[in-house]
Amino acid sequence: MGGFFNALYATLNQILYAISHIRVLDILDIIVIAFIIYKAIGFLRESRAGQLVKGLLILFAMYVISDWLELMTLQWILSKVMDSVIIAAAVIFQPELRRILENVGKTKFARDRFFEDKENAVAESIDKIGKAAGFMAEKKIGALIVFERVTQLGEIVNTGTLIDATASVSMVNNIFFPKSPLHDGAMIVREGRILAAGCILPLTQNDNLNSQLGTRHRAAIGMSENSDAVVLVVSEETGTISIAVGGKITRNYNSVTAIAELHHLLITNENEESENKIVSVFKSINPFKKNKERKDD
């Protein structure tokens, strides 16, 4: 019993020593690690990677059990599988890993190209394309429109026909007119200009989607999974307007609400909000600010 209390006393002393010698940088270190873990959990929940982690845990548990029971054949097979699973995961989840790296690279400096004149051009193109989408929704004309953001879509543009023209309601309607040679593909919009049309987009591999979603919607989700683009879809069957971003799709927009959502996604500077949050965190743990408050008291 005495040994237990001695061990408990030693542990408490170590904890008190660690707390008494903690530094501001240690707190910052903990905050950064906690933020990374929080983002990793969110990523696992929102993507197919969650299923991969579950599968890896099951394989690891089977490996431990086979080692404990000395099941040599099963242990050998599992060891070979575990050796190659990291490479396989990198190949299978390449879109997710690419999206993570793109999000890391999104800084204020990466958005410096959106000067005021270009922002106005983007806003004007959103209004024109939104009105055209409302017209096509009424006539049940299918459309697939990709708004490029930070990630360049050169490989997608190369699959279609280069246009490079100012966006207008009549041009958008002509591109997606049922008898037009470009109506089956996607239209790419870069910095407020129609860059290309008739482009081929990657289809999503997500099998948990609503069965009512057709090829256009699956292509929109696939494009948003592989880049930071915002994709607008008009259903040919129902005339419903949908918007896909970040691998997720929201539906039942009309012309007005679609324009408002596109303005929010393409123009509103979300990075400034996130930077303000980071600054507020640093201010809350700033020791000089606390010392100054104590002197004022």
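**Exercise 1. Is asparagine 252 buried or exposed?**

*Solution.* Begin with the ground rules. This is a predicted model, in which local features need pLDDT of at least 70 and side-chain atom pairs count only at pLDDT 80 or more, while totals for chains, interfaces and linings use all residues. Residues are numbered from 1 along each chain as its sequence is written, and side-chain values use heavy atoms, with hydrogens and water left out.

Step 1: take the scale, where buried means under 20% relative accessible area, exposed over 50%, and partly exposed in between (1.4 Å probe, protein chains only). Step 2: asparagine 252 has a relative accessible area of 67%, so it is exposed. Step 3: place asparagine 252 in strand β7; helices (H or I, at least four residues) and strands (E, at least two) are DSSP runs, numbered from the N terminus. Step 4: look at the backbone, where asparagine 252 has a positive phi of about 65° although it is not a glycine. Most residues other than glycine have a negative phi.

**Exercise 2. Find another non-glycine residue with a positive phi, and describe its setting.**

*Solution.* Step 1: lysine 140 has a positive phi of about 55° and is not a glycine. Step 2: lysine 140 sits in the loop between α6 and β1. Step 3: its relative accessibility is 44%, so lysine 140 counts as partly exposed.

**Exercise 3. Trace the sheet from edge to edge.**

*Solution.* Step 1: read off the order, β2-β4-β3-β1-β5-β6-β7, for an open sheet of seven strands with mixed pairing. Two strands pair if DSSP finds at least two bridges between them. Step 2: find the edges. β2 (161-166) and β7 (248-253) each have a single partner strand, so one side of each is left without a neighbour in the sheet. Step 3: add the twist, as neighbouring strands are turned by 20° against each other on average, direction ignored. Axes here are lines fitted to C-alpha atoms, for helices over the stretch in contact, and angles run from 0 to 180 degrees between N-to-C directions.

Step 4: check the pairs at the β7 end. Strands β5 (residues 230-234) and β6 (residues 241-245) run antiparallel and are joined by four bridges, with leucine 232 partnered by isoleucine 243. β6 and β7 are also antiparallel, again with four bridges, and alanine 244 has isoleucine 249 as its partner in β7. Step 5: inspect the turn. The hairpin of β6 and β7 has two residues between the strands, and glycine 246 takes a positive phi near 65° there.

**Exercise 4. Which strands does helix α9 lie across, and how do two of its residues pack?**

*Solution.* Step 1: α9 (residues 215-226) lies across β1 (143-147), β5, β6 and β7, at about 175° to β5. Helix α10 (residues 255-266) lies across β1, β5, β6 and β7 too, at about 15° to β6.

Step 2: take arginine 216, which belongs to α9. Its relative accessibility is 18%, so arginine 216 counts as buried. Contact means heavy atoms within 4.5 Å; leaving aside neighbours within four places in sequence, the contacts of arginine 216 include His183, Asp184 and Glu236.

Step 3: compare alanine 219, also in α9. At 6% relative accessibility, alanine 219 counts as buried. Not counting residues up to four places away in sequence, alanine 219 touches Leu144, Leu201, Pro202 and Leu203.

**Exercise 5. Which element gives the most to the largest nonpolar core?**

*Solution.* Step 1: define the core as a set of buried Ala, Val, Leu, Ile, Met, Phe, Trp, Tyr and Cys residues joined through side-chain atoms within 4.5 Å. Step 2: the largest has 31 residues, and those with the most contacts inside it are Ile145, Phe147, Val172, Phe176, Met187 and Leu232. Step 3: the answer is α6, with seven residues. Step 4: a second, separate core of 21 residues includes Leu144, Cys199, Leu209 and Met223.

**Exercise 6. Decide where to read the model with caution.**

*Solution.* Step 1: pLDDT is the predictor's confidence in each residue, from 0 to 100; the chain's mean is 78, and 73% of its residues reach 70 or more. Step 2: pLDDT stays under 50 over residues 269-275, a stretch with seven contacts beyond four places in sequence. Step 3: residues 292-297 are also below 50, with zero contacts beyond near neighbours in sequence. Where pLDDT is low, the predicted coordinates should not be read in detail.
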